[in-house]
Structures are given as structure tokens and as C-alpha cells.
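Biologist: I've never read a protein structure before. Could you walk me through one, a feature at a time?

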Amino acid sequence: VSTQSTGETTEFKFPTLYNLPPFFTLQPVSDTQKLQTQAWCSLILDYCRHYKLSTLNVEQAQETSLFQNKKINRRLSHQNVILFLDSLVSKGNAEWLDSKKLKIHIFWKKPSEWAMSIYNWVSNRGLVNSLLTLTELREGDDVVGEDFYLLDRDVFLKAVEILQKEGKVAVIEGRDGNFGFKFFS
């Protein structure tokens, strides 16, 4: 399902709606459909946050408990999965990685929020004006337990791009494809 997960072991607690069969069928009444879309968007974000999933392979995800409830023998159709994921994209909480809509980044925190988390961590530890590597910031011992620990590399770099545009970081690309970052106040 994911290209990056920290392997959360506690089971996700689904909302009550998840156990109601109509939740898995697109509702025909416009107002009800809007509420259903909001509920599915919240569920997808909460599920991905719980398991720290940043990237979904849509086909694989459809086979997980996220989109099928075996207890009530219900599954969300592929068309409706795409509809709800498109809704997340329109709100800035997701981004398709291909034109065929096979893979998607899920931003249970928007890139601007990730940028703030990363910058606050650097600032709070007195590391402004220090040079840090991508590896140190994403998977180093000092960031274990931080919400951006093991964050998908592309999502992490998207957050850094925001900081770069704000003049808070200079990005140094190494010959081996690794990155270094110098943060500014």
C-alpha cells in the first residue's frame, strides 16, 4: 500500500459510519453525497496518518481494510475510490503521481505543515546555520519520534521546496543524489 511506513502496530479504529453498508455506496442526494465525501476524505487522512502512509498504490489499497469492510461484506468501488481521492487532491491533501491515477501522495499533513514542522524542529534545536543532510533529517537518531521521521522522500523534499521559496533553507545537491540543507533564521 505504501512506499514508506514506520510500521505502526496498533490497529486503526474505524468510525461508526464504516460499519454501515450505505457508506460504501455513493449517495444520490447531493447534500448527503457531500457529507459522505467529507467522511471518506477524513477516513482516508486519518488512516494514512495512523499508519504514517504517504503514498498509496490505488489498486493495492483497494484490497485493504481502508476501502473494504469484510465484516459487513462491503467494498468501495474503484470509481468511488478515485472520486474521493480526487476530492482530497482538490483540497490540497493529495497529489496524483501519474496521469492514470494509479499512485497518489496522501498529505495527511499538507506540505506547508510539514515545512513548518521541519523548520521548527531545526530551530528549536539550535541548528539554524548548520548543514544537515537529508538522511539526518528524515531518518537520523535525533528525529526518531518526530512526525516527519521516515516521511516519504518526495513529500519531504516538497516541504523543503516551500522553505527554500521562503528563504529559510539553501539546498545543496550532492553528486550521489543526496541533499544537504543549510537553514536560515
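Modeller: Sure! Let's start with the outside: the accessible surface of this chain is about 10,200 Å², and carbon and sulfur atoms own 49% of that. Keep in mind that this is a predicted model.

Biologist: Okay. What share of the 185 residues is buried?

Modeller: Buried residues account for 40% of them. As for overall dimensions, the C-alpha atoms fill a box of roughly 55 × 30 × 30 Å along the principal axes.

Biologist: And how many helices and strands are there in the chain?

Modeller: Six helices and eight strands. Going along the sequence, you meet them in the pattern α-β-α-β-β-α-β-β-α-β-α-α-β-β.

Biologist: Let's take a helix. What span should helix 1 have, going by its residues?

Modeller: Helix 1 covers residues 30-51, which makes 22 residues, and at 1.5 Å a residue they should span 32 Å. The C-alpha atoms at its ends are 32 Å apart, so the two values agree. Right after helix 1 comes lysine 52, with a positive phi near 55°.

Biologist: How do I work out which way the residues of a helix point?

Modeller: The general idea is that an α-helix has 3.6 residues a turn, so residues three or four places apart point the same way. Now the case here: the buried residues of helix 1 include Gln36, Ala39, Trp40, Leu43, Ile44, Tyr47 and Tyr51.

Biologist: What covers the buried residues of helix 1?

Modeller: Strand 1, helix 3 (78-90) and strand 5 are among the elements that do.

Biologist: Strands 1 and 5, then. In what order do the strands of the three-stranded sheet lie?

Modeller: The order is 1-5-4, in an open sheet with antiparallel pairing. Strand 1 (55-57) and strand 4 (94-96) are the edges, since each pairs on one side only. On average, neighbouring strands in this sheet are turned by 25° against each other, ignoring direction.

Biologist: How many bridges join strand 4 to strand 5?

Modeller: Three, and the two strands run antiparallel, with strand 5 taking up residues 103-106. For one pair to look up, try tryptophan 96: its bridge partner in strand 5 is isoleucine 104.

Biologist: One last stop, the loop between strand 5 and helix 4 (111-124), where lysine 109 sits. Is lysine 109 buried or exposed?

Modeller: Buried: the cut-off is under 20% relative accessible area, and lysine 109 counts as buried because its relative accessibility is 17%. Leaving out neighbours within four places in sequence, lysine 109 touches Trp114, Ser117 and Asp147.

Methods. Residues numbered from 1 in each chain as written. Predicted model: local features only at pLDDT ≥ 70, side-chain atom pairs only at ≥ 80, totals over all residues. Heavy atoms only, no water. Pairing = 2+ DSSP bridges. Helix = DSSP H or I, 4+ residues; strand = E, 2+ residues; numbered from the N terminus. Axes fitted to C-alpha atoms, helices over the stretch in contact; angles between N-to-C directions. Expected span 1.5 Å × (residues − 1). Buried < 20%, exposed > 50% of the residue type's maximum accessible area, 1.4 Å probe, protein only. Contact = heavy atoms within 4.5 Å. Areas by Shrake-Rupley, 256 points an atom, 1.4 Å probe, with all protein chains shown as cover.
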